[in-house]
Amino acid sequence: MKLSVVGTGYVGLVAGVCFSDSGNHVVCVDVDGEKIKKLQRGVPTIFEPGLSEMMRKCQAAGRLSFTTDMKSAVEHGRLIFVAVGTPESSDGSADLSAVLDVARAIGRFMDGYRVIVMKSTVPVGTHLKVIDALGAETEHPFDYVSNPEFMKEGAAIEDFTKPDRVILGSTNHAAAEVVRELYQPFMRKSERILTMDPASAEMTKYAANAMLAMRISFMNEIAHLCAGLGADVDAVRRGIGADRRIGNAFLFPGAGYGGSCFPKDVQSLISLGESNGCPLLLVAATQKANVAQRNRFAQSVIDHFGENGQGKKLAVWGLAFKAHTDDVRESPAIVGIRRFLEAGFAVSAFDPEAGDQARDLLGKAVEIQNEQYEVLRACDALVIYTDWPQFRTPDFDEIAKLLRTPTIFDGRNLYDPGLLAKRGFFYSSVGRPTRSPEPRSVTENPSSPRD
Ligand code: NAD
């Protein structure tokens, strides 16, 4: 099939590459000329496992190309996917300006029938606005399919090609069938396509993200109470996750959720509820709890040093909002680092993939280094924000040697508190009893999680 994808960010690029990989001829278009130049050279603009190889293979096969020329992209694709950003606007609602600009441009350049497929996350009712904006620019017929995206950054290719479900929201059965056909290669084991009306499809995306964010905030609140009462949230997490009605996913407490989706989508759903006279109390509490959690974790580090960080230096491991991505949008690490700087701490940081992106946000205030252990030298504590695999079984002796004092604040609960205490660390994590270092006997040789 010939298709075009408008917007080559995380969603558009992954969708374009995956559809091309399954044999379709895909043109990806973006307004960002620098991005397109890089992509044309075969260099992905985001870090996503498996993307680079797949992208180059499709380009070499002549099935995937990148352009800034909207007209040629609209002329190419019978199906046009829209995957531009829908950031939070100043009043908290989703900013639809890019989506509506794209709709008008598609209308202007259409030279025959097209199916418009909306992948951007848009508030309920947006399909009517897009249909109006596009229809005002063209005499040609078109159909609209809402196809919200559920991929996770860091596992986007896997999620896209093996989705739990694909949602298609349309009032036109034939148009939905064309899109269904496109997804068939990803449905070989079982059919997981759900069709519905566009408003329900739009709502499904927001409800899913709000539910996942709510589970995280819920566990963060339980973790806070566990810490106060001397219970271990990790045991509680396993205890409740074993209940099939609850399940294990999204129950890990941490330093708060972040990223380009949960914070803005939760906010957008709150706004949608308010503007429709239906305040969403649970969703509002989810957001409030998340802000509190991000602050609480950072504050626990600051308090350890007595409020004033002058003369103290912190090393941060992890800048991306989660592992396997270079996305630092709304990352709890960025929020925390800004608080550390305000409190007077000097900060150095390391992330395997997100260093450059964080530098763009933080400027020169933070020393961002390229080496995981060197970043610890002469720091007073290590603060962990992201659960990259390489942080999970580190060389604790090296950490202790490089830090001024063996102190770890772990926003991801990566280590065993008992073991860390035995190795002489002050170790503070989320919702688990904080362990002070135990005196090390001469004969004792505690095994590290690596052993
Ligand atoms: P992004 O910011 O990474 O990329 C958006 C791209 O659109 C940018 O490259 C930008 O230059 C381009 N763009 C903006 N205006 C344009 C225009 N008029 N014409 C052509 N290109 C234009 O965004 P993203 O993370 O890929 O998210 C896109 C949408 O998908 C959002 O609505 C988001 O909420 C949703 N979504 C994102 C994820 C995710 O994991 N990132 C997952 C599911 C859904």
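This tour visits the ligand site and then a pocket. The model is predicted: local features need pLDDT of at least 70, side-chain atom pairs count only at pLDDT 80 or more, and totals for chains, interfaces and linings use all residues. Numbering starts from 1 along each chain as its sequence is written, and side-chain values use heavy atoms, without hydrogens and water.

**Stop 1: the ligand**

Select the ligand and its shell of 25 residues (a heavy atom within 4 Å). Asp30, Lys35, Thr86, Glu153 and Lys264 come nearest. By class, the shell holds 10 nonpolar, 7 polar and 8 charged residues (Ala, Val, Leu, Ile, Met, Phe, Trp, Tyr, Cys and Pro count as nonpolar, Asp, Glu, Lys and Arg as charged, the others, Gly among them, as polar).

Colour domain 1 (2-196) and domain 2 (197-451). Both give residues to the shell, so the ligand lies between them.

Now show the polar contacts (N or O pairs within 3.5 Å). A polar side-chain atom of Thr86 sits 2.6 Å from a ligand oxygen. For Tyr10, a polar backbone atom is 3.0 Å from a ligand oxygen. In Arg329, a side-chain N or O atom is 3.2 Å from a ligand oxygen. The protein buries 87% of the 830 Å² that the ligand exposes when taken alone (Shrake-Rupley method, 1.4 Å probe).

Next, select α1 (10-21) and α5 (97-109): these elements give two or more residues to the shell.

**Stop 2: the second largest pocket**

Move to Arg296, Ser300, Ser429, Val430 and Gly431, the lining residues nearest the centre of the second largest pocket. Its lining has 16 residues: 6 nonpolar, 8 polar and 2 charged. The volume is about 270 Å³.

Methods. Polar contact = N/O pair within 3.5 Å; in protein donor to acceptor, adjacent residues only side chain to side chain. Helix = DSSP H or I, 4+ residues; strand = E, 2+ residues; numbered from the N terminus. Domains from an automatic or database assignment. 1 Å grid on protein atoms, 1.4 Å probe; cavity = no way out; pocket = protein on both sides within 12 Å on 5 of 7 lines; lining within 4 Å. Points joined across faces, edges and corners; volume = space filled by probe spheres on them.
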